[in-house]
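This briefing is intended for reading alongside the sequence and the coordinates. It covers salt bridges, helices, record annotations and the main pocket, in that order.

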Amino acid sequence: MTDAKRPLGLLVSIVAVAVMIFLILPQVILLIQSFTAEDYLSFPPKAYGLRWYGFIFQDDTWRKALGTSLIVAGVVTPLALLFGTAAALGLDRGPLITRKALRTLLVSPMVLPHVVLGMAIYRVFLPLRFDDTLMGFIAAHLVLCIPYVIVTVGASLQAFDRSLEQAAASLGAPLPVALWRVTLPIIRPGLIGGAVFAFITSFDEFIVTYFLASRMTTAPIQIFSSLSYQLEPSIAAVSGLTLVVTAALSGLLILRGGVAGKGGGFAA
């Protein structure tokens, strides 16, 4: 780097560090508070321990809320991956003239305000008595998660060399076999990314679920309900647990992306 560019590089580095601190510091403070052993939230805590992490796994209300979130996210993730991948393949191989319009429609739940989306889903589900049910939560979360899979898998398909699939077909492989043995292994980074985004989106989802929930609760709904009455350290513990899960999945996504980038894709 030349002497003239060094001040600019230093300024960019300082701004980058400042932005990183701005984004991460609240989460770090919350995570530290979650390890308090006291009866109230304070920073820094005067005593540390796993007291409130043990509490959320022993308390029936928190245990049911976390269980519901895990069940919904666990069911939504493979379904979103299945439907989203099928949609991405359809968009990639479909008529060019309708591709942009269909893609816009399919990913529109990503950009629509969730309040609007939640109200629309509630109006559809209410006459069907589909609200406040596990199936209703799963259906609503699928609306939110499938677009993430379409985007990530679609990006992988953009870089996919279709001549490989055509070569497999020319050797006698039926289309489903060529997709299973050639296409899907090569676009695996996009599939993993879509699955991770789908799980995180479903596990953390609050607004749309809030419209549907009355007796059943998920972890984000229970956090909001608890905040309405008092600020207990158990809320910080649940939030800390959510942060750890989200960070672990994001780390997996970055790691797999790095491996894919070095290897140029995964082999079958």
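**Asp92 and its surroundings**

Asp92 counts as buried, because its relative accessibility of 14% falls under the 20% cut-off. The model discussed here is a predicted one. Asp92 belongs to helix 3, which covers residues 60–93. When neighbours within four places in sequence are set aside, the contacts of Asp92 are Arg99, Leu157, Gln158 and Arg162.

**Salt-bridge network around Arg93**

- The structure contains five salt bridges, and Asp92, Arg93 and Glu165 are joined in a network of such bridges.
- One bridge of the network pairs the side chains of Asp92 and Arg93, with an N to O distance of 3.0 Å.
- A further bridge pairs Arg93 with Glu165, again given as 3.0 Å from N to O. Because Glu165 sits in helix 7 (residues 162–170) and Arg93 in helix 3, this pair ties together parts of the chain that lie 72 residues apart in sequence.
- The members of the network are not equally accessible: Arg93 is partly exposed at 26% relative accessibility, Asp92 is buried at 14%, and Glu165 is buried with a relative accessible area of 6%.

**Salt bridge between Asp39 and Arg51**

- Asp39 and Arg51 also form a salt bridge, in which the closest N and O atoms are 2.6 Å apart.
- This pair links distant parts of the chain, with the two positions twelve residues apart in numbering: Asp39 is in the loop between helix 1 (6–33) and helix 2 (51–58), while Arg51 is in helix 2.
- Asp39 is exposed, its relative accessible area being 56%.
- Arg51, with a relative accessible area of 40%, is partly exposed.

**Helix 9**

- Helix 9 is formed by 17 residues, 188–204. From its first C-alpha to its last it reaches 24 Å, close to the 24 Å expected at 1.5 Å a residue.
- Of the 17 residues of helix 9, 13 are buried, so this helix is largely enclosed by the rest of the structure.

**Annotated transmembrane regions**

- An unreviewed UniProt entry lists "transmembrane region" for residues 7–32, 65–89, 101–122, 134–157, 191–213 and 233–255.
- In the model, the span 134–157 is 100% helix and 0% strand, and its end C-alpha atoms are 33 Å apart.
- The span 191–213 is 87% helix and 0% strand, with 30 Å between its end C-alpha atoms.

**Largest pocket**

- The largest pocket has a volume of about 220 Å³.
- Its lining consists of Leu30, Phe203, Asp204, Phe206, Pro220, Ile223, Phe224, Leu227, Ser239, Thr242 and Leu243.
- Helix 9, helix 11 (219–227) and helix 12 (233–263) are the elements that each give two or more residues to this lining.
- Helix 11 supplies the largest share of the lining, namely four residues.

Definitions and conventions. Residues numbered from 1 in each chain as written. Predicted model: local features only at pLDDT ≥ 70, side-chain atom pairs only at ≥ 80, totals over all residues. Heavy atoms only, no water. Expected span 1.5 Å × (residues − 1). Buried < 20%, exposed > 50% of the residue type's maximum accessible area, 1.4 Å probe, protein only. Contact = heavy atoms within 4.5 Å. UniProt positions renumbered as here; feature names shortened; annotations may be inferred. Salt bridge = Lys/Arg side-chain N within 4 Å of Asp/Glu carboxyl O. 1 Å grid on protein atoms, 1.4 Å probe; cavity = no way out; pocket = protein on both sides within 12 Å on 5 of 7 lines; lining within 4 Å. Points joined across faces, edges and corners; volume = space filled by probe spheres on them.
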